[in-house]
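Me: I've just opened this one and would like a close look at a single part rather than a tour. Could you pick out the charged side chains, show me who pairs with whom, and put that in the setting of the rest of the chain?

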Amino acid sequence: VINKDQRLKKECPNIFYEIVCKKLDRFQDVLTQVMIVLNNGHAQSRPISRREVLWNIETVTGHMTQNHHVFVFHKCEALRLPENERKFLKFICQIASLFWSHNLKVSVVFSTYKKFNISGNHTRCVDVDVLTDLLDIRHLLQHYAPSRASVDDLVYVCYSMLFLPEAVQKVSEKYLVQDNHLETLKGIDRQYPGSMEEILCWDGELMFHIFHHRVVEVQDWLTQQDLTLLVTLRRRTFNEGQLERCYRLLFPKNLTSDWLMLLNRLKDSYVIRELPGSDQLAVHPLVDYYIQNYRPGSRLYFEEKETYSSNNFLCHVTLKAEENQRIHGKGLLHGCHVRDWPLLRDLMQTAFQCRSYSHLLKAAVMGRNLIISCFPNDSKEFYEIMFNSTKIYGSPSQKAVMQICLAQAIASKK
C-alpha cells in the first residue's frame with residue numbers, strides 16, 4: 001500500500017479531505033463536518049442537504065483534474081445504526097459516482113471498529129487495526145531492525161500479544177534499534193525475566209506508552225456485561241467453549257440466543273478475534289491492557305478491590321474444577337469428591353454472582369480443600385484477603401476459622 005501510494009503520488013499528487021466522525025451519531029452532523037473541511041474550517045449556520053454538500057464537493061475539486069482526491073472519514077462506528085448506516089453508505093457512493101462521472105481520480109475511505117454492510121464493485125474491507133499474518137509482522141519488525149538483528153524471538157510474541165502496527169513499531173524501536181538494550185537491562189536488574197513474552201509483560205513503561213493514550217476508547221467498545229465476562233475470564237487467548245462456560249456461570253438466566261448475540265457482537269467489534277489455524281480466540285491488545293489495569297464499577301458489599309479479586313478467583317476455581325470433571329469424570333475432583341461438587345459449585349456461583357460478604361465467606365470455608373488443590377500458590381493470597389476482611393467485617397470466630405484456612409493454604413504452597 002505504501003509503495004503504491006508513493007508511485008501514485010509522483011504521477012498525481014494526493015489531496016486529502018479528512019472528516020473526523022467520532023461520536024457523530026447523526027448523519028446531518030457528518031454533512032456539517034464535510035462542509036467545514038471543504039470551507040477551510042468555516043461552518044454553515046443552517047442545516048444543509050446532501051445535495052448541497054455534493055455540489056460543494058464538485059465545485060471545490062472540479063478544477064483539479066490532475067490530482068488524486070482522497071476523502072477519509074475517521075472513526076465512523078457511531079453511525080452503525082440502521083437508518084444512519086444506509087444514509088452514510090449512500091452518501092459515500094454518491095461521492096464516488098460524482099467523480100467517476102467527471103473522470104476524476106478519487107478514493108473514499110472510512111475507518112471503524114464496527115463492521116458495516118458494504119458490498120459491490122471497487123469496494124474493499126481491510127483490517128488495518130490488527131496484524132493477523134506472521135509474515136506481515138516479520139516484515140514490519142525487519143523494517144525497523146538493524147540489518148543484522150534477529151527478529152525471531154519477537155515475531156510470535158507480537159502475533160499473540162501485540163498485533164497492532166504501532167505496538168510492533170514501539171517494540172522494535174526499544175528492543176531492536178537500540179544496541180544491546182536487552183543485555184544492558186539484564187545486567188542492571190537480575191530480576192529481569194528471560195523470554196520475550198515475559199519481558200514485554202514485565203515492561204510496564206512500554207505498555208503504558210503503547211496503550212495509555214487510547215485506553216479510554218475501550219469504555220465505548222464494551223457493555224458492563226462484556227467487561228465483567230472478559231475480566232472474569234482474564235486470559236489473552238481462550239477457546240469459544242471456555243468463554244461460553246464462563247458466560248453461563250456469570251449469567252445463568254440468560255438464553256442461548258443471548259450468548260450467541262454477545263459472541264457475534266464481540267467478533268464484529270474486533271474485541272475478540274479468531275487466531276488463524278487454531279480454535280483459539282484472542283482479546284484485542286487494547287482491551288487486554290484495560291482489563292489488566294482497570295476495574296469495572298460494580299455493587300459491592302465491602303472494599304471493592306478485595307471483593308472483586310476474590311469473586312474473580314472463585315470463578316476461576318469453578319471453571320478449573322468443571323474442566324477437571326469433564327476430563328476425568330469421576331473420583332476425586334481437585335480435593336473434593338465428585339458427589340460433593342454440585343453443592344460447592346452452587347456455593348461458589350452464589351458468591352461471585354451475589355458479591356456479598358457472607359456468601360463469599362461461606363464458599364471460602366466450605367471449598368477450602370478444592371480451592372487450595374486447584375491453585376496451591378494463588379490460594380495463599382486469596383485467604384490473606386479473606387483473613388484481613390474478617391478483621392474488619394467478621395466476628396472473632398470467623399476470624400479464627402479464616403486464620404486456619406490461611407495456615408492450610410500456606411502449608412500447601414509449592
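**Charged side chains up close**

Reply: Let's warm up with a charged residue: Lys 75 has a relative accessible area of 30%, which means partly exposed, as the buried class stops under 20% and the exposed class starts over 50%. You'll find Lys 75 in the loop between strand S2 (68–74) and helix H4 (82–101). Its backbone is worth a glance too, since the phi of Lys 75 is near 50°, a positive value in a residue other than glycine. Keep in mind throughout that this is a predicted model.

Now the setting. The protein chain has 414 residues, and 43% of them are buried. It holds 21 helices and 6 strands. If you take the contacts between residues at least 6 apart in sequence, 66% of those join residues at least 24 apart. The chain exposes about 22900 Å², with carbon and sulfur atoms supplying 51% of that.

On to the pairs. Side chains of opposite charge can pair when their charged atoms come close. In this chain the count comes to 7 salt bridges. Start with Arg 265 and Asp 226, whose closest N and O atoms are 2.6 Å apart. Arg 265 sits in helix H14 (residues 256–268) and Asp 226 in helix H12 (residues 224–233), so this salt bridge ties together parts that are 39 residues apart in sequence. The two partners are covered quite unequally: Asp 226 is buried, at 0% relative accessibility, whereas Arg 265 is partly exposed at 32%.

Stay on H14 for the next pair. Lys 267 meets Glu 240 in a salt bridge, 3.5 Å from N to O. Here too distant parts of the chain are linked: Lys 267 belongs to helix H14 and Glu 240 to helix H13 (residues 240–250), 27 residues apart. Glu 240 is partly exposed, with a relative accessible area of 33%. This pair also belongs to a network of salt bridges that links Glu 240, Lys 267 and Glu 274.

Helix H13 has a pair of its own. Arg 248 and Glu 244 form a salt bridge at 2.9 Å, N to O. They are 4 residues apart in H13, so about one helical turn separates them. Both ends are partly exposed, Arg 248 at 28% and Glu 244 at 25%. Set that beside the H12–H14 pair, where Asp 226 is buried at 0%.

For a change from charges, look at helices H18 and H21. Two packed helices are described by the angle between their axes and the distance between the axes. The axes of H18 (residues 357–366) and H21 (residues 396–412) come within 10 Å and cross at roughly 40°. An angle of that size makes H18 oblique to H21, because roughly parallel would need under 35 degrees. The crossing is left-handed. On the H18 side, Tyr 357, Leu 361, Ala 364 and Val 365 make the contacts, and they meet Gln 398, Val 401, Met 402 and Cys 405 from H21.

If you're clicking along in the viewer, try Arg 265 with Asp 226 as the link from H14 to H12, then Lys 267 with Glu 240 as the one from H14 to H13, and finish with Arg 248 and Glu 244 inside H13.

Definitions and conventions. Residues are numbered from 1 along each chain as its sequence is written. This is a predicted model: local features need pLDDT of at least 70, side-chain atom pairs count only at pLDDT 80 or more; totals for chains, interfaces and linings use all residues. Side-chain values use heavy atoms; hydrogens and water are left out. Helices (H or I, at least four residues) and strands (E, at least two) are DSSP runs, numbered from the N terminus. Buried means under 20% relative accessible area, exposed over 50%, partly exposed in between (1.4 Å probe, protein chains only). Contact means heavy atoms within 4.5 Å. Accessible areas come from the Shrake-Rupley method with a 1.4 Å probe; for residues, only the protein chains shown count as cover. A salt bridge is a side-chain nitrogen of Lys or Arg within 4 Å of a carboxyl oxygen of Asp or Glu. Axes are lines fitted to C-alpha atoms, for helices over the stretch in contact, and angles run from 0 to 180 degrees between N-to-C directions. Angles under 35 degrees count as roughly parallel, over 145 as roughly antiparallel, 65 to 115 as roughly perpendicular and the rest as oblique. A crossing is left-handed if the near helix is turned anticlockwise from the far one by less than a right angle, and right-handed if clockwise.
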